[in-house]
Amino acid sequence: SEAPLDDAAALATTLESASCLLSGHSEQSMDRSSRPLEAVVDDEPDVFLEMIKFVYLNTCQVDHANVKAMMHVADKYGIEDIVKLCLQWVQDHFNADLFYHFLTFETSSKRFGPLLRESLISALRSRRHFLLVTDGP
C-alpha cells in the first residue's frame, strides 16, 4: 500500500497527467524519472499553488498574508469562485486594516469590481463602529 500523497505531490501528479493528455501522450508512455515537472509562474508561487489546489481539489488556504494576492490571481484568471471565497474571508475577518488593504484594489474584471465594492460596503454596514466618527482631543 502506498503512503498518501501530500497536496503538492498530488497536484504535481495531476498537472503531469493533464499535460500528457493535452500533448497527446498517455501517462504510461512518459518516463517520469527522466522528465522533471517544471512550471514557469509569473505570480507568487505559493498563491499560484493555492489557486491550482482550488481548481483541482476545491480547497485553498486564504489568510491575511495572501488574501489580496489570491484576489489578484483569481481576477487575472477569471476564477469567480476564488474571488467569492476571498470576499467571504474578508467578511468573516473584516477590520479597518483589511478595509484599507482593499480600498485601492483594482480588478480587471468588470464583474469582480462590483462584488468587491458590495462586500466592503456590506462589511462596513455590519460593523457600525467603523462608521462612527467622533471628535478627538
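This note goes through the fold, the surface and the aromatic rings of a predicted model.

1. **Fold.** The protein has six helices. The number of strands is zero. Along the sequence the pattern reads α-α-α-α-α-α.

2. **Contacts along the chain.** Take the contacts between residues at least 6 apart in sequence. Of these, 62% join residues at least 24 apart.

3. **Buried and exposed.** The protein has 137 residues, and 33% of them count as buried. The exposed area is about 9500 Å². Carbon and sulfur atoms supply 53% of that area.

4. **A nonpolar patch.** Which residues make the nonpolar surface patch of about 260 Å²? They are V55, Y56 and L57. Look at V55 first. V55 sits in helix 2, which covers residues 45-57. Its relative accessibility is 47%. Buried means under 20% and exposed means over 50%, so V55 counts as partly exposed.

5. **Aromatic pairs.** The count of aromatic pairs comes to four. One of them joins F94 and F99. Their ring centres are 6.3 Å apart, and the planes make an angle of 75°. Edge-to-face needs an angle over 60 degrees, so this pair is edge-to-face.

6. **Where those rings sit.** Are F94 and F99 buried or exposed? F94 has a relative accessible area of 7%. F99 has 17%. The cut-off for buried is under 20%, so F94 is buried, and F99 is buried too.

7. **A ring cluster.** F94 and F99 also belong to a cluster. Ring pairs link them with Y100.

Key
Residues numbered from 1 in each chain as written. Predicted model: local features only at pLDDT ≥ 70, side-chain atom pairs only at ≥ 80, totals over all residues. Heavy atoms only, no water. Patch = residues over 30% accessible without salt bridge, like charges linked within 9 Å, V, L, I, M, F, W, Y side chains within 5 Å. Areas by Shrake-Rupley, 256 points an atom, 1.4 Å probe, with all protein chains shown as cover. Salt bridge = Lys/Arg side-chain N within 4 Å of Asp/Glu carboxyl O. Helix = DSSP H or I, 4+ residues; strand = E, 2+ residues; numbered from the N terminus. Buried < 20%, exposed > 50% of the residue type's maximum accessible area, 1.4 Å probe, protein only. Contact = heavy atoms within 4.5 Å. Phe/Tyr/Trp six-rings, centres within 6.5 Å; stacked < 30°, edge-to-face > 60°.
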